[in-house]
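The following note is offered to a colleague who is beginning to read protein structures. Please keep the model in view while going through the numbered points.

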Amino acid sequence: MRKSASNSAAVVASLAKGTAVTVYSEANGWAKVKANGKEGYVSTSFLAAKKAENSKQTNVTVKATTKYVDIDSGSLNLRKSASTNAAVVTSLAKGTAVTVYSEANGWAKVKANGKDGYVST
């Protein structure tokens, strides 16, 4: 686990395979996490959603926040991927509650009305 999202950043702690971490956000191949009482960054390539064989802990916990659609008019498109060219899954009205899992590059990975997708932040 590193102090910032860089391979050259100082090491905060070493995490054993199977260590449960709380993921606060993910961006550009790095996750901001908390593990064993310490916060830092790990490469997402080292994270798995399921318990690894031979590990003592269970799984990665994603900390999600609730936000609400805030638009002046019309609706907000929930898309399949983080692109204005991606297919629209559904449209969200102003005031719709969304569960935000992560935000990066002007897009948020969310769940709304039982559907997963991406919205412009």
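**Notes on the model**

1. Lys 34 is placed in strand β2. The model under discussion is a predicted one. Lys 34 counts as partly exposed, because its relative accessibility of 35% falls between the limits of 20% for buried and 50% for exposed. Leaving aside neighbours within four places in sequence, Lys 34 is in contact with Val 21, Thr 22, Tyr 24 and Glu 39. One of these partners, Val 21, lies 13 residues away along the chain, and the C-alpha atoms of Lys 34 and Val 21 are separated by 5.6 Å.

2. The strand that holds Lys 34 also has a pairing partner. Strand β2 covers residues 30-35 and pairs with β1 in the antiparallel sense, over 5 bridges. Within this pairing, Val 23 stands opposite Val 33 in β2. The two strands form a hairpin with 2 residues between them. In the turn, Asn 28 has a positive phi of about 55 degrees.

3. The chain as a whole may now be considered. How many helices and strands does the chain have? There are 0 helices and 10 strands, so that the order of elements from the N terminus on is an unbroken run of β. Of the 121 residues, 25% count as buried. The chain exposes about 7,900 Å², of which carbon and sulfur atoms supply 45%. Among contacts between residues at least 6 apart in sequence, 43% join residues at least 24 apart.

4. The segment before β1 (22-27) also deserves attention, for Lys 3 is found there. Is Lys 3 buried or exposed? Lys 3 is exposed, because its relative accessible area of 63% is over the 50% limit. Not counting residues up to four places away in sequence, Lys 3 touches Ala 9, Ala 10, Val 12 and Tyr 41. The C-alpha atoms of Lys 3 and Val 42 are separated by 9.1 Å, although these residues are 39 apart along the chain.

5. A general tendency introduces the next point. In soluble globular proteins, nonpolar side chains tend to be buried together. In this model, the largest nonpolar core has 11 residues, among them Val 69, Ile 71, Leu 76, Leu 92, Val 100 and Val 119. The elements that give two or more residues to this core are β6 (76-79), β8 (97-104) and β9 (107-112). Which element gives the most? It is β9, with 3 residues. A second, separate core has 8 residues, including Ala 13, Val 21, Ala 31 and Val 42.

6. Ile 71 offers a closer view of the largest core, to which this residue belongs. Not counting residues up to four places away in sequence, Ile 71 touches Leu 76, Leu 92 and Lys 94. Leu 76 and Leu 92 are also members of the largest core.

7. Charged pairs form a further topic. How many salt bridges does a search of the whole structure find? The search finds 2 salt bridges. In one of them, the side chains of Glu 103 and Lys 67 meet at 2.8 Å, N to O. This pair links distant parts of the chain, since Glu 103 is in strand β8 and Lys 67 is in strand β5 (residues 65-68), 36 residues apart. Both partners count as partly exposed: Glu 103 has a relative accessibility of 35%, and Lys 67 has one of 39%.

8. Asp 70 forms a salt bridge with Lys 94, and the closest N and O atoms are 4.0 Å apart. This pair, too, links distant parts of the chain: Asp 70 is in the loop between β5 and β6, and Lys 94 is in the loop between β7 (88-92) and β8, 24 residues apart. Asp 70 and Lys 94 are both exposed.

9. The last point concerns Ser 102, which is located in strand β8. Why does Ser 102 count as buried? Ser 102 does so because its relative accessible area is 18%, which is under the 20% limit. Leaving aside neighbours within four places in sequence, Ser 102 is in contact with Glu 26, Trp 107, Ala 108 and Lys 109. One of these contacts, Ala 108, is also a member of the largest nonpolar core.

Terms used:
Residues are numbered from 1 along each chain as its sequence is written. This is a predicted model: local features need pLDDT of at least 70, side-chain atom pairs count only at pLDDT 80 or more; totals for chains, interfaces and linings use all residues. Side-chain values use heavy atoms; hydrogens and water are left out. Helices (H or I, at least four residues) and strands (E, at least two) are DSSP runs, numbered from the N terminus. Buried means under 20% relative accessible area, exposed over 50%, partly exposed in between (1.4 Å probe, protein chains only). Contact means heavy atoms within 4.5 Å. A nonpolar core is a set of buried Ala, Val, Leu, Ile, Met, Phe, Trp, Tyr and Cys residues joined through side-chain atoms within 4.5 Å. Two strands pair if DSSP finds at least two bridges between them. Accessible areas come from the Shrake-Rupley method with a 1.4 Å probe; for residues, only the protein chains shown count as cover.
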